[in-house]
Amino acid sequence: MRVTPDDIAGRLLLLHGPPGTGKTSVLRTLARSWRDWCRVDCVQDPERLLNDVGYLMDIAIGEDDGTAKGRWRLLLLEDCDELIRGEAKHTAGQALSRLLNLTDGLLGQGRNVLVGVTTNEDLERLQPAVVRPGRCLARIEVGPLTRPESVAWLGTEEGVSREGSSLAELYALRRGTGPASVPKQDAGADAGLYL
């Protein structure tokens with residue numbers, strides 16, 4: 001949150017962790033914290049952005065919105081698992097290469113552009129080129145809160161598991177709905193029917 005333009009070393013901000021743990025909440029907080037020096041844009045169509053070179057150049061170059069020169073842009077690409085996982089070079093085509101070029105290649109040179117990507121994948125399953133040293137401004141794992149953190153956030157122990165809770169579970173508890181659970185099946189109930 002305390003990063004300033006002078007601190008930027010690496011253009012990729014990678015947030016990873018299970019669904020519901022608060023990656024989007026972190027990004028909203030970051031956008032508020034950086035609002036004096038960085039414009040934040042949520043990319044609704046990351047596949048199109050990274051597959052359409054003209055569109056990518058329009059977004060990377062940006063438009064003059066009357067702000068002072070030197071203002072940075074943070075492009076947010078949420079839930080881009082297929083784009084950055086290990087086999088992305090084979091499945092995502094040139095999209096991965098363009099993302100890497102925007103963050104650490106000639107395409108990004110001279111442009112004040114950062115790219116924030118969220119994924120539910122573990123770091124070990126990501127394309128090594130994405131997480132290599134020097135490319136990431138930050139690699140942030142967003143996980144469930146511990147039990148003490150969960151209790152402090154919620155203000156009560158009621159409904160908080162021994163292991164703690166995800167942010168989504170805590171919001172559900174605060175609303176009084178409780179976290180959704182998947183019913184457990186008898187191990188032999190439908191044996192032989194699953195292919």
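How many salt bridges does the count come to? Five, and this is a predicted model. Here are close-ups of some of them.

**View 1. Arginine 73 and aspartate 41, a salt bridge between two strands.** The side chains of this pair meet at 2.6 Å, N to O. Arginine 73 sits in strand β3 (residues 72-77) and aspartate 41 in strand β2 (residues 38-42), so the contact ties together parts that are 32 residues apart in sequence. Both partners are tucked away: arginine 73 is buried, with a relative accessible area of 13%, and aspartate 41 is buried too, at 17%.

**View 2. Arginine 147 reaches glutamate 157 in a salt bridge.** Here the closest N and O atoms are 3.5 Å apart. Arginine 147 belongs to helix α8 (residues 147-154), while glutamate 157 lies in the loop between α8 and α9 (167-175), which makes this a link between distant parts of the chain, 10 residues apart. Arginine 147 is partly exposed, with 25% relative accessibility; glutamate 157, at 51%, counts as exposed.

**View 3. Arg39, Asp41 and Arg73 form one network.** Zoom out a little from the strand pair, and salt bridges with shared partners join these three residues.

**View 4. Arginine 48 and aspartate 52 pair up in a salt bridge.** Their side chains come together at 3.9 Å, N to O, which still counts because the cut-off is within 4 Å. Arginine 48 is partly exposed, at 43% relative accessibility, and aspartate 52 is partly exposed as well, at 31%.

Methods: Residues are numbered from 1 along each chain as its sequence is written. This is a predicted model: local features need pLDDT of at least 70, side-chain atom pairs count only at pLDDT 80 or more; totals for chains, interfaces and linings use all residues. Side-chain values use heavy atoms; hydrogens and water are left out. Helices (H or I, at least four residues) and strands (E, at least two) are DSSP runs, numbered from the N terminus. Buried means under 20% relative accessible area, exposed over 50%, partly exposed in between (1.4 Å probe, protein chains only).
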